[in-house]
Amino acid sequence: MISGVICKELVSHGDERGFFREVIRESDPLFVEGHFGQWSHSKMVKNVVKAWHFHHLQTDWWYVPIGVVRTVLIDNRPESTTFRAKMELLMGDPALDREARAVCVKIPPGVLHGCKVLSDVAHLFYITSEQYNPLDEGRLPFNSEEVGYLWGEGVLTVENDRRTFIPPHCRI
């Protein structure tokens, strides 16, 4: 585990019509110290890699309702008791991969985060504690030697995930 990262296991209530799943409440332990800034939705295709991102101020809450992604978190906060610790989890639909978990994950500031789509398509819904601010979002290339994580062959990336950007107030 990484200090400050919380995985909330989600409960589905199903019947012949489908299911209902509550994702997050403001009273949830993973949300009580946060506040709402923005809600976003990302649709991605197989082998897309989005990494490495980190923030100085912003907390993220990730949820994958459709598809399966490998989420990787690395603690990059020197003051943290779990500095350099790594977490990997499969997020998404257990019907597509029995190791996938229906969870909502809290990603605190300073934690490097990224994902790779393992299914044909995946949707990532995420809440952030701040509205988008390009000066708060740091980036390291998905294949950064400094991070040392291998996403595998044939990955799909865009220029933003192949560059380094360290915002003025962020450490790396």
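## Strands, a buried loop residue and an aromatic cluster

T59 is found in the loop between strand 5 (49-55) and strand 6. The structure described here is a predicted model, and every value below is computed from it. T59 has a relative accessibility of 12% and therefore counts as buried, since the cut-off for that class is under 20%. Leaving aside residues up to four places away in sequence, T59 touches K106, I107, P108, P109, I127, T128 and S129.

One of these contacts, I107, also appears in the pairing of strand 6 with strand 9, where I107 is the bridge partner of D60. Strand 6 (residues 60-66) and strand 9 (residues 103-107) run antiparallel and are joined by 4 bridges. Both strands belong to an open sheet of 5 strands with the order 1-9-6-11-4 and antiparallel pairing. The edges of this sheet are formed by strand 1 (6-9) and strand 4 (38-45), each of which pairs on one side only. On average, and with direction ignored, neighbouring strands of the sheet are turned by 20 degrees against each other. In general, strands of a sheet pair through backbone hydrogen bonds, either parallel or antiparallel.

Strand 7 (residues 68-75) is mostly covered, with 7 of its 8 residues buried. Strand 7 pairs in the antiparallel sense with strand 8 (residues 86-92), and in the antiparallel sense with strand 10 (residues 111-117) as well. The table sets out the pairings of strand 7 and of strand 6, with one residue pair for each.

| Strand pair | Bridges | Example residue pair |
|---|---|---|
| Strand 6 and strand 9 | 4 bridges | D60 and I107 |
| Strand 7 and strand 8 | 7 bridges | R70 and L90 |
| Strand 7 and strand 10 | 7 bridges | V72 and G114 |

Within strand 7, then, R70 stands opposite L90 of strand 8, while V72 has G114 of strand 10 as its bridge partner.

Turning to the aromatic side chains, a search of the whole structure finds 5 aromatic pairs. Among them is the pair of Y149 and W151, whose ring centres are 4.7 Å apart and whose planes make an angle of 65 degrees, so that the arrangement is edge-to-face, the class for planes over 60 degrees apart. Y149 is buried, because its relative accessible area is 10%, and W151 is likewise buried, because its relative accessible area is 7%. Ring pairs link these two residues with W52 into a cluster.

Terms used
Residues are numbered from 1 along each chain as its sequence is written. This is a predicted model: local features need pLDDT of at least 70, side-chain atom pairs count only at pLDDT 80 or more; totals for chains, interfaces and linings use all residues. Side-chain values use heavy atoms; hydrogens and water are left out. Two strands pair if DSSP finds at least two bridges between them. Helices (H or I, at least four residues) and strands (E, at least two) are DSSP runs, numbered from the N terminus. Axes are lines fitted to C-alpha atoms, for helices over the stretch in contact, and angles run from 0 to 180 degrees between N-to-C directions. Buried means under 20% relative accessible area, exposed over 50%, partly exposed in between (1.4 Å probe, protein chains only). Contact means heavy atoms within 4.5 Å. Rings of Phe, Tyr and Trp (its six-membered ring) pair if their centres lie within 6.5 Å; planes under 30 degrees apart count as stacked, over 60 as edge-to-face and the rest as tilted.
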